Amino acid sequence: MTDQSAGESASGALAAGTRRRALAEFWHYYSANTGAVIGLFVFAALVLMAIFAPLISPHLPQEQFRDSLLTPPAWQEGGKPMFLLGTDAVGRDILSRLIHGARYSLFIGLVVVVFALVSGIVLGILAGYFGGWVDALIMRVMDIILSFPSLLLALVLVAILGPGLFNAMLAIAIVLQPHFARLTRAAVMAEKNREYVTASRIAGASHLRLMLRTILPNCVAPLIVQATLSFSNAILEAAALGFLGMGAQPPIPEWGTMLATAREFILRAPWVVTFPGLAILITVLAINLVGDGLRDALDPKMKRS
Amino acid sequence: MLRYLLHKLALIIPTVFGISLAAFAFVRLLPGDPILALAGERGVSPERYNELIHQFGYDRPYVVQYLEYLRQVLTGDFGISIATKRPVLGEFQALFPATLELATVALIIAVLIGIPAGIFAAVKRGSWFDQATMGVALTGYSMPIFWWGLLLIIFFSGYLGWTPVSGRIGLQYFFRPTTGFMLIDSLISGRPGAFRSAVSHLILPSIVLATIPLAVIARQTRSAMLEVLSEDYVRTARAKGLSPRRVVGLHAFRNALIPIVTTIGLQVGTLMAGAILTETIFSWPGIGKWMIDAIGKRDYVVVQSGLLIIALIVMAVNLIVDVLYAVINPRIRVQ
Amino acid sequence: MRTKLTFAAALLAATVIGGTAQAKQLVYCSEASPAGFDPSPWSGGNDFDASSRTIYSRLVEFEHGKTSIMPGLAESWTVSADGLEYTFKLRPGVKFQTTDYFKPTRDLNADDVIFSFERQWKKDSPWYEYLPGTGWEYFTGMGFPELLKEIVKVDDLTVKFVLNKPEVAFLPDLGMDFSSIVSKEYADQLQKAGTLQQFTQKPVGTGPYQFVDYQVDAVIRYQAWDGYFGGRQKIDDLIFAITTDPAVRAQKLKAGECDIMSYPAPADIAGLQADANLKVDEQEGLNIGYMAYNTTQPPFDKVEVRKALNMAVNKQAIIDAVYQGAGQVAVNPIPPTMWSYNKDIKDDPYDPDAAKKMLEEAGVKDLSMKIWAMPVSRPYNPNARRVAELIQADYAKVGVKAEIVSYEWTEYRERGKAKDRDGAFQLGWTGDNGDPDNFLFLLGCSAIGQSNYAIWCNKEFEDLLQKGKATTDVAERTKIYEEAQVVFKREAPWLTIAHSKVFMPMNKKVQGFVMDPLGIHRFDGVDVAE
């Protein structure tokens, strides 16, 4: 008994050492990609902005300045210094709304990825490990989900569930999770019959333990890359749903929703259209840069070339 | 090969049933009531309501409704739109060419620019061209295209006045559709200026729709090329003194083609999703806008059959890609 | 050589076409696709614009830009003393349109008139159900099945309508879109061929323009009907460019891609007015945008609470931010352009402090409530969500917490009708005819569960409403309705938000377009300057 725990802690220390080395190696490869580093910084800045939104934003996001409807950005003629990026149709400060909007977009990305990742992994493991009819059933359902264009499916799902931020996130998660399921299943299938898995099975490890402790860690890398991709996809899809009036509902300052309500002003007040879109682009670009960096650093094949 | 094909088809049959069931279920789950949606602000009397519900068969058990629906679909009858009373298939056929034309032109743009850009970037790996191309590609990949479309409209149509605001061709040109493709129809019509007009109407929407596929194709081409260029036989070819152009053109590109073709095939779903947004922004009379309108109007029949048709198209294209893939790469068939 | 020859021929053809291409063309950027071209089954304004007002005509017509009646296909008519028999003399020699799908062999006669109504009325007519699920909503909605006893052909050019009871509005009803006269000869021909559906896809009428082509969701083409009994139109080609997005319509108008457009977004109006090539006609809309409290649910069952909430809302701010100035603060439930509008009624003043005090006195503390916002844009309320956001902010100032809710459009109205609905409900109304009852009935006791979203049944108001209906003398009715408005304002079942203006931006070369009080877009009599 004592032996075993000593052995475990020893292997734990060993693992910690390898982990540290792996991390250092990872950072080495990651930092070689300038874009990825920039992306990481921008992303970190966005996260900080979201966390400290109430402290940084000059005004409350829902505060209506009724005497300053559709004020242009400060540097334009007619702009006011107190509204750096101008105001919208009911006199709310666009900068403050964008800063608060970062919270929603990042939150959407996070929730969607967690939901899609967890459900995708569970389904993928079930399918891959048990095979047979379980596999067939799950993978056919995934096929069905993937045969609908993602945005169309998300739209119909939101129409069923009712428009709103939470329902939009749920719909996007459902649309994105087959990718995780497929990835996990493929990894599990590949690992399932490897010697070390067979060995642990013979040693009497339970199914659950086998999957979680033995197989899963070996498909972490592609899952992380897919998760980053899904993160940015989720933000884009949520914005698209918001733009079509099916996502977050006003007065929530979600960027896509802001764009939707701003659409009628494209001729008269281009700034209410320009900035929310720019915010989406910058955020998604930053995350995709990070994703590229992660892929390069985690994928041994790419390292070689 | 035949066995592979049969295997693929066997997998597809349950999926098709699943899709039809999903489309059927989605539509029954939608809140709101199609009869009331039709009646508008004035409402409809309870008696008439019951009559209509009965007439459309919505008072029958779901199982019966589904089986009836399947029976109809299998005989090629996709139902009659509740809102317009026109056959859904007819509406689809009238609108699909517009989407197909838009998507085809977008895909051509994406392929014609994406592949050369990817190849050059791979060959000149690390150069400023590579970095700039990949930067632009990633930006394109990250683009919220509905916003991108609005910006292009503001700039090119609003500010510069170079392109028309919406529509498929100038209204002074009138001819009945032969192919449904405005570019071809305008040429057939022989009317001077018609083709030009069609092109000018198509250019912005197709650029917007091409943005993401273009970015994906450029990136995929580059990485596929990089992989191939590092293979031993390419190095050997280089060492043998073959000209770089020959190496890239003949050996590397042909082998990189497999993943690229797959990528292009996978863009069909992306194009369909993008078409929804692009058509909404440019008031393009295609099936993306048609579906959005139908969801808004609770036109059960259109949503149900539209979902089914679109999913079947996506699936058919994926199947074709799979088969192509198997043709190019015989190893896959064994699996 | 041969190719050269064909090329020359094509060139020749092109010049010939070029010669006729001097045709006058008017492009109208319309807001939605028509459901079909049969004028009777549908009820949308866009359906009527595309069918009844272009292709068809009626026994009687509304005067251009007014709600008064003038002769149409009927030259003259007589009404029996008991008001039960209307006899119409048809105009002789009226020609149905000749198209490539139908060549009429006879002129309009009484059979066409009878057919036009009986197909919507007699369930044994093969045309009653020719479109699956047709409700003939207007025909039933105007009470025609109960009203009509029979329609008799006296002779070829005389037709007699026999009613079950007198109806003051019968003539105006015959000027409405669903009363358009269709061709029985064409219908018979289609029935023989078994292609009944074509009736709504390839229409034939007696109106100013004839149908040429429809590309689904994109373009409708018409051409002037040479044999129109009112004289050939000056425009040769009338084109509807269907453009659902108002901002895109405005851009197309500016770019010269269309000559005239419907329903501009309030935000675009200033820009359109500033454009040197354009002019913007405007008219007071026959409408009201309101927010109905649920007067059966506490604390909104108290008049003081409703009044206090009314006083908490800065309505001028709503006019500025949502209507962009293109509307006016509503005081009464009927628009000021309508007869019997009570000018003496004062609106509840905007006074947050007083409102707060009134709420406190009524014992209302920490009120949190829902504000319902329609998911669609309507002329009477272009952006209900934005209105809700403004009211929400105003309420916050008097200590009332509001949550904005919205549902899909049909569900929205269904849920709004529920007697135990939670919260204040935004909606509005656009008039069908010029009568005050057409607005005030919205608040009648019998309209609860249908159009009375305030769930408000006030005996005094209801009595006045019934009295007004039973009275024929206009001066007397005016008095009754003025009093009803006093009761309404005192009881405050609604927050009356706005009466919006309706705008019609067009190119300066468009001449003779007259705005219609009922929101119809008519292109007869319109010309385009060279």
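**Figure 1. Sequence separation of the contacts within chain B of the predicted model.** Among the contacts in chain B with a separation of 6 or more, 73% join residues 24 or more positions apart. Burial was computed for the same chain: 47% of the 335 residues of chain B count as buried.

**Figure 2. Helical make-up and extent of chain B.** Chain B contains 14 helices and zero strands, and its pattern along the sequence reads α-α-α-α-α-α-α-α-α-α-α-α-α-α. The C-alpha trace of chain B spans about 85 × 55 × 40 Å along its principal axes.

**Figure 3. Contact between chain A and chain B.** Chain A contributes 34 residues to this contact, and chain B contributes 37 residues. On the side of chain A that touches chain B, two or more residues come from each of helix H5 (132–147), helix H6 (150–161), helix H10 (220–243) and helix H12 (271–298) of chain A. H12(A) gives the largest share of this side, eight residues. Classified by residue type, the side of chain A that touches chain B comprises 25 nonpolar, seven polar and two charged residues.

**Figure 4. Contact between chain C and chain B.** Here 37 residues belong to chain C and 42 residues to chain B. Both helices and strands of chain C supply at least two residues each to the side that touches chain B. The helices are H1 (2–20), H4 (137–141), H9 (246–254) and H15 (409–417) of chain C; the strands are S1 (25–30), S9 (219–224) and S10 (237–242) of chain C. By class, this side of chain C holds 13 nonpolar, 14 polar and ten charged residues.

Notes. Residues numbered from 1 in each chain as written. Chains lettered and ligands numbered in written order. Predicted model: local features only at pLDDT ≥ 70, side-chain atom pairs only at ≥ 80, totals over all residues. Contact = placed C-beta atoms within 7 Å. Helix = DSSP H or I, 4+ residues; strand = E, 2+ residues; numbered from the N terminus. Nonpolar A, V, L, I, M, F, W, Y, C, P; charged D, E, K, R; others polar. Buried ≥ 20, exposed ≤ 12 C-beta atoms within 10 Å, placed from the backbone.
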